[in-house]
Amino acid sequence: MSFVSELWTFLRVRKKFWLFPVIFVLALFGALIVLSQGSAVAPFIYTLF
């Protein structure tokens, strides 16, 4: 949790609010890849990339 709080402090102090959507999309894709590994959905996800 300290990483999240440090990231929040950095974004707030430096006023880099435009990074929120970038971080959100990267986390979403990361979670999608991790959760779909070894499942029946994996071949469909690989066709997207």
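Biologist: Let me set the terms: buried means under 20% relative accessible area, exposed means over 50%, and partly exposed is anything in between. Which class does Phe20 fall into?

Modeller: Phe20 counts as partly exposed, because its relative accessibility is 34%. Keep in mind that this is a predicted model.

Biologist: Noted, thanks! Where does Phe20 sit?

Modeller: Phe20 is in helix H2, which covers residues 19–36.

Biologist: And the overall fold? How many helices and strands does the protein have?

Modeller: There are three helices and zero strands. Reading from the N terminus, the order of elements is α-α-α.

Biologist: What share of the residues is buried?

Modeller: Of the 49 residues, 8% count as buried. The accessible surface comes to about 4,500 Å², and 77% of that belongs to carbon and sulfur atoms.

Biologist: Back to Phe20, then. What does Phe20 touch, leaving out residues up to four places away in sequence?

Modeller: With those left out, Phe20 touches Trp8 and Leu11.

Biologist: Trp8 sounds interesting for ring contacts. How many aromatic pairs are there?

Modeller: The count comes to two aromatic pairs. One of them joins Trp8 and Phe20: the ring centres are 5.6 Å apart and the planes meet at 35 degrees, so this pair is tilted.

Biologist: Why tilted, with planes at 35 degrees?

Modeller: Because planes under 30 degrees apart count as stacked and those over 60 as edge-to-face, with the rest called tilted. The 35 degrees between Trp8 and Phe20 therefore makes a tilted pair.

Biologist: Which parts of the chain does that pair tie together?

Modeller: Trp8 lies in helix H1, residues 2–14, and Phe20 in helix H2, so the pair ties together parts that are twelve residues apart in sequence. The C-alpha atoms of Trp8 and Phe20 are separated by 9.6 Å. As for cover, Trp8 is partly exposed, with a relative accessible area of 41%.

Biologist: What about the pair of Phe17 and Phe20, stacked or tilted?

Modeller: Stacked, because the planes of Phe17 and Phe20 are at 20 degrees, with ring centres 6.1 Å apart. Phe17 has 42% relative accessibility, so Phe17 counts as partly exposed.

Biologist: What do the ring pairs add up to for Trp8, Phe17 and Phe20?

Modeller: They link Trp8, Phe17 and Phe20 into a cluster.

Biologist: Changing topic: what is unusual about the backbone at Lys15?

Modeller: Lys15 has a positive phi of about 55 degrees, although Lys15 is not a glycine. Most residues other than glycine have a negative phi.

Biologist: And where is Lys15? Is its side buried or exposed?

Modeller: Lys15 is placed in the loop between H1 and H2. Its relative accessibility is 61%, so Lys15 counts as exposed.

Biologist: Last one, about the surface. Which residues make the nonpolar patch?

Modeller: Phe24, Val25, Leu28, Phe29 and Leu32 make it, and the patch is about 470 Å².

Biologist: Pick Val25 for me. Where is Val25 found, and why does Val25 count as partly exposed?

Modeller: Val25 is found in helix H2. Its relative accessibility is 39%, so Val25 counts as partly exposed. Patch members need over 30% relative accessible area, and Val25 at 39% fits that.

Key. Residues numbered from 1 in each chain as written. Predicted model: local features only at pLDDT ≥ 70, side-chain atom pairs only at ≥ 80, totals over all residues. Heavy atoms only, no water. Patch = residues over 30% accessible without salt bridge, like charges linked within 9 Å, V, L, I, M, F, W, Y side chains within 5 Å. Areas by Shrake-Rupley, 256 points an atom, 1.4 Å probe, with all protein chains shown as cover. Salt bridge = Lys/Arg side-chain N within 4 Å of Asp/Glu carboxyl O. Helix = DSSP H or I, 4+ residues; strand = E, 2+ residues; numbered from the N terminus. Buried < 20%, exposed > 50% of the residue type's maximum accessible area, 1.4 Å probe, protein only. Phe/Tyr/Trp six-rings, centres within 6.5 Å; stacked < 30°, edge-to-face > 60°. Contact = heavy atoms within 4.5 Å.
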